[in-house]
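Please work through the exercises below with the sequence and the structure at hand. Each task is followed by a worked solution.

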Amino acid sequence: MKIFEKFKNLAESLKKTKQELSDKINFIFNSGKIESKDIDKIEEVLILSDISYQTASEIIEGVKKKVIKIKDLTPDIIKKALKEEVNSKISVAFPDIKDAGKKNIFIIVGVNGVGKTTTIGKLGKYYADRGKKVMMAACDTFRAAGREQIEAWGMKSGIEVVSGVENQDPASVAHDAVQRFKEKDYDLLLIDTAGRLHNKKHLMEELSKIKRVISKSYGSEPDEVLIVIDAGLGQNSLIQVEQFKAIVDITGVIITKLDGSAKGGIIIDIIHKLNLPVRFIGTGESPDKISEFSPEIFTDSLL
Ligand SMILES: Nc1nc2c(ncn2[C@@H]2O[C@H](COP(=O)(O)OP(=O)(O)OP(=O)(O)O)[C@@H](O)[C@H]2O)c(=O)[nH]1
Ligand SMILES: [Mg+2]
């Protein structure tokens, strides 16, 4: 019960994807006797929920192998096999997120408008609620609104925000934040960055500089470099993640706006194809709408 409570938001935010997926799968099975060609139809349904062709085929091949010798196939047998296959794709034993010790730094990156600043605001509260002393840094110096936005989140949750002036070099804001973080009694520093398109070379170089400066002032690499992706962008986000990964060595993924999307299938590819852990899920706009990710709850809620 308690475990389910913890992932309630995750389960709820998968409703749209589940509807797309389960309704269509049930429709396939409603046509009477189940034949092996019905299993192939499921592959199309998976692709429609934004699972890549390659991953969908692997899942379907796995299902077929599991049920090939069973004479009287029922929808339940196939659904169970499907669940097991999806689960096997996403149950990768990643190391835990590095939020345990004293002094951890997370940098949050991603393209424009995916929900980075909102996620930092929610994460700040999430960790403060769990007893951490959190600091947030506004390294989006392109837009005054970016700074004001994170300051508003800080005010709401009583979290200190370090910010620079408009158009200040974001790397120098990051440097100042890390110095302050090191000197004072803080546990976790969350660094917000401006949105940038993955194909804009100079902006990607700027990000690489921010990370270099943080590592230098911190004395070691930041503990987590988390990329935020918008669930609604589906397969496009795989390209974004790959390009950011090449520049700043992404350590994990946060998926936002799952509440408004039927493309939750993308999560399977992030884990299976890109081999990256999904750390958090954004499930709405308000401060508490953030959830840890659980592969089991994900598959259970989806299928
Ligand atoms: N429904 C929903 N909306 C979200 C979620 N996360 C963020 N948003 C909304 O997405 C919009 C953009 O969020 P921001 O946090 O400003 O995005 P950003 O990535 O910081 O944007 P830039 O700094 O301009 O690149 C806002 O309207 C947020 O309220 C989520 O999990 N669910
Ligand atoms: Mg922002």
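The exercises that follow concern the overall fold, two helix pairs and the surroundings of the ligand.

The model is predicted: local features need pLDDT of at least 70, side-chain atom pairs count only at pLDDT 80 or more, and totals for chains, interfaces and linings use all residues. Residues are numbered from 1 along each chain as its sequence is written, while chains are lettered from A and ligands numbered from 1 in the order in which they are written.

**Exercise 1.** State how many helices and strands the protein has, and assess its radius of gyration against the globule rule.

*Solution.* Step one: the protein contains 13 helices and eight strands, taken as DSSP runs numbered from the N terminus (helices H or I, at least four residues; strands E, at least two). Step two: the radius of gyration is 21 Å, close to the 19 Å that the globule rule gives for 303 residues, so the protein is as compact as a globular protein of that length. The radius is taken over C-alpha atoms, and the rule is 2.2 Å times the number of residues to the power 0.38. Step three: along the principal axes, the C-alpha atoms fill a box of roughly 70 × 45 × 30 Å.

**Exercise 2.** Determine how α7 and α8 are oriented to each other, and which residues meet.

*Solution.* Step one: the axes of α7 (residues 116-129) and α8 (residues 144-157) come within 9 Å and cross at roughly 20°. Axes are lines fitted to C-alpha atoms, for helices over the stretch in contact, and angles run from 0 to 180 degrees between N-to-C directions. Step two: the two helices, α7 and α8, are therefore roughly parallel to each other (angles under 35 degrees; over 145 counts as roughly antiparallel, 65 to 115 as roughly perpendicular and the rest as oblique). Step three: Thr 117, Ile 120, Gly 121, Gly 124, Lys 125 and Ala 128 of α7 meet Gly 146, Gln 149, Ile 150, Trp 153 and Ser 157 of α8, contact meaning C-beta atoms, placed from the backbone, within 7 Å.

**Exercise 3.** Describe the packing of α6 and α13.

*Solution.* Step one: α6 (residues 75-90) and α13 (residues 295-302) pack at about 150°, with axes 10 Å apart. Step two: that makes α6 roughly antiparallel to α13. Step three: Lys 83, Val 86, Asn 87 and Ile 90 of α6 make the contact with Pro 295, Glu 296, Phe 298 and Thr 299 of α13.

**Exercise 4.** Identify which residues are closest to ligand 1.

*Solution.* Step one: 21 residues surround ligand 1, the closest being Gly 115, Thr 117, Thr 118, Gly 195 and Gly 282 (C-beta atom, placed from the backbone, within 6 Å). Step two: α7 supplies the largest share of this shell, three residues.

Conventions. Contact = placed C-beta atoms within 7 Å.
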